[in-house]
Amino acid sequence: DYCQSPECHALKCARESVRCLDGTGDFRITLLDTSHTSKQVAGDNWCAAGSRYGDMTACVEQEPFASMRGYDWRIFPHLTQHAEHQPGQVPCSIYRKSDPNLFGKHPRLGEWGCFGAPLDEWTELTLTLQRRTTSRIEVGMTMNGVSYKATDEVEPSDPTSIKQVDAFAIGYPNGRGYTYVDLAAVEVKASSTGEDQVFLTV
């Protein structure tokens with residue numbers, strides 16, 4: 001539900017209900033190739049400017065984040081499969097990182113509704129990244145029995161092409177009461193056809 005009706009807005013549902021889109025914020029999750037970076041994150045206080053959205057955005061556009069390559073998943077877990085793109089809000093989407101921002105959002109490889117994750121229940125999110133050919137990568141995500149996939153065509157010589165996944169990052173710009181995220185280990189394995197696959201379960 002987007003709470004788009006005037007009646008709903010009059011009840012301030014748009015900002016006060018977890019079922020509504022406005023103000024809920026999206027989880028931004030990237031799988032990263034850091035082999036092109038020239039420096040490392042220096043300790044826990046890597047963004048000395050502060051934790052406000054504008055401060056953090058400026059920090060993740062600087063090194064070492066600017067030189068990282070990767071893919072960015074953006075999700076509103078509570079929205080259903082029927083959620084639609086609204087001005088400035090895309091329910092679930094996948095991007096290739098092609099600009100300095102750690103959570104780069106261009107090109108957009110696919111957009112969909114989301115997962116309809118249940119309230120007060122543990123739910124796993126699985127992200128997949130599979131190289132099918134030298135220039136074709138399949139990216140996907142699954143949660144609550146719902147899956148989405150997209151394909152990216154990118155030549156190995158492209159400056160945004162990745163060769164490995166050795167890091168990940170999670171951003172959540174608009175806090176709405178999520179207290180913590182429980183992470184499993186990143187698993188990398190080769191398929192029976194020799195294709196590289198990366199799985200991240202959250």
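Where does isoleucine 137 lie? In strand S6, residues 136–143. Strands here are DSSP runs of E with at least two residues, helices are runs of H or I with at least four, and both are numbered from the N terminus.

Some ground rules. This is a predicted model, so to speak of a local feature we need pLDDT of at least 70, and side-chain atom pairs count only at pLDDT 80 or more, while totals for chains, interfaces and linings use all residues. Residues are numbered from 1 along each chain as its sequence is written, and side-chain values use heavy atoms, with hydrogens and water left out.

Confidence next. pLDDT is the predictor's confidence in each residue, from 0 to 100. The average is 79, and 71% of the residues score at least 70. Helix H2, residues 13–16, has the lowest mean among the elements, at 53. Strand S7, residues 146–153, has the highest, at 96.

Now the overall layout. The protein has 3 helices and 10 strands. From the N terminus, the order is α-α-β-α-β-β-β-β-β-β-β-β-β. Of the 202 residues, 41% are buried. Buried means under 20% relative accessible area, exposed means over 50%, and partly exposed is in between, with a 1.4 Å probe and protein chains only. A contact means heavy atoms within 4.5 Å. Take the contacts with a separation of 6 or more: 62% of them join residues 24 or more positions apart.

Back to isoleucine 137. The residue counts as buried because its relative accessible area is 1%. Leaving out residues up to four places away in sequence, isoleucine 137 touches eight-way company including Tyr71, Leu129, Ala150, Asp152 and Ile162. That last partner, isoleucine 162, is 25 residues along the chain, with the C-alpha atoms 9.8 Å apart.Compare the neighbouring topic, threonine 126. This residue is found in strand S5, residues 125–133. Threonine 126 is partly exposed, at 21% relative accessible area. Serine 147 is 21 residues apart from threonine 126 in sequence and 9.2 Å apart in space, C-alpha to C-alpha.

On to charges. Side chains of opposite charge can pair when their charged atoms come close. How many salt bridges does the structure hold? There are 6. The criterion is a side-chain nitrogen of Lys or Arg within 4 Å of a carboxyl oxygen of Asp or Glu.

One of them joins arginine 74 and aspartate 72, with the closest N and O atoms 2.9 Å apart. Arginine 74 is buried, at 5% relative accessibility. Aspartate 72 is buried too, at 0%.

Another pairs arginine 96 with aspartate 152, at 2.7 Å, N to O. This pair links distant parts of the chain: arginine 96 is in strand S3, residues 92–96, aspartate 152 is in strand S7, and they are 56 residues apart. Arginine 96 is buried at 9%. Aspartate 152 is buried at 3%.

Then arginine 132 and glutamate 138, at 3.2 Å, N to O. Salt bridges that share partners join Arg132, Glu138 and Lys149 into one network. Arginine 132 is partly exposed, at 27%, whereas glutamate 138 is buried, at 13%.

Last, aspartate 33, in strand S1, residues 27–33. Which side chain of opposite charge is nearest to aspartate 33? Arginine 69, 5.6 Å away; aspartate 33 is buried yet has no salt bridge. For charge, Lys and Arg count as positive and Asp and Glu as negative, with His and the chain ends not counted. A polar atom of the aspartate 33 side chain does lie 2.9 Å from the backbone nitrogen of lysine 163. Outside residues up to four places away in sequence, aspartate 33 touches Met68, Arg69, Ile162, Lys163, Gln164 and Asp166.

Methods. Polar contact = N/O pair within 3.5 Å; in protein donor to acceptor, adjacent residues only side chain to side chain.
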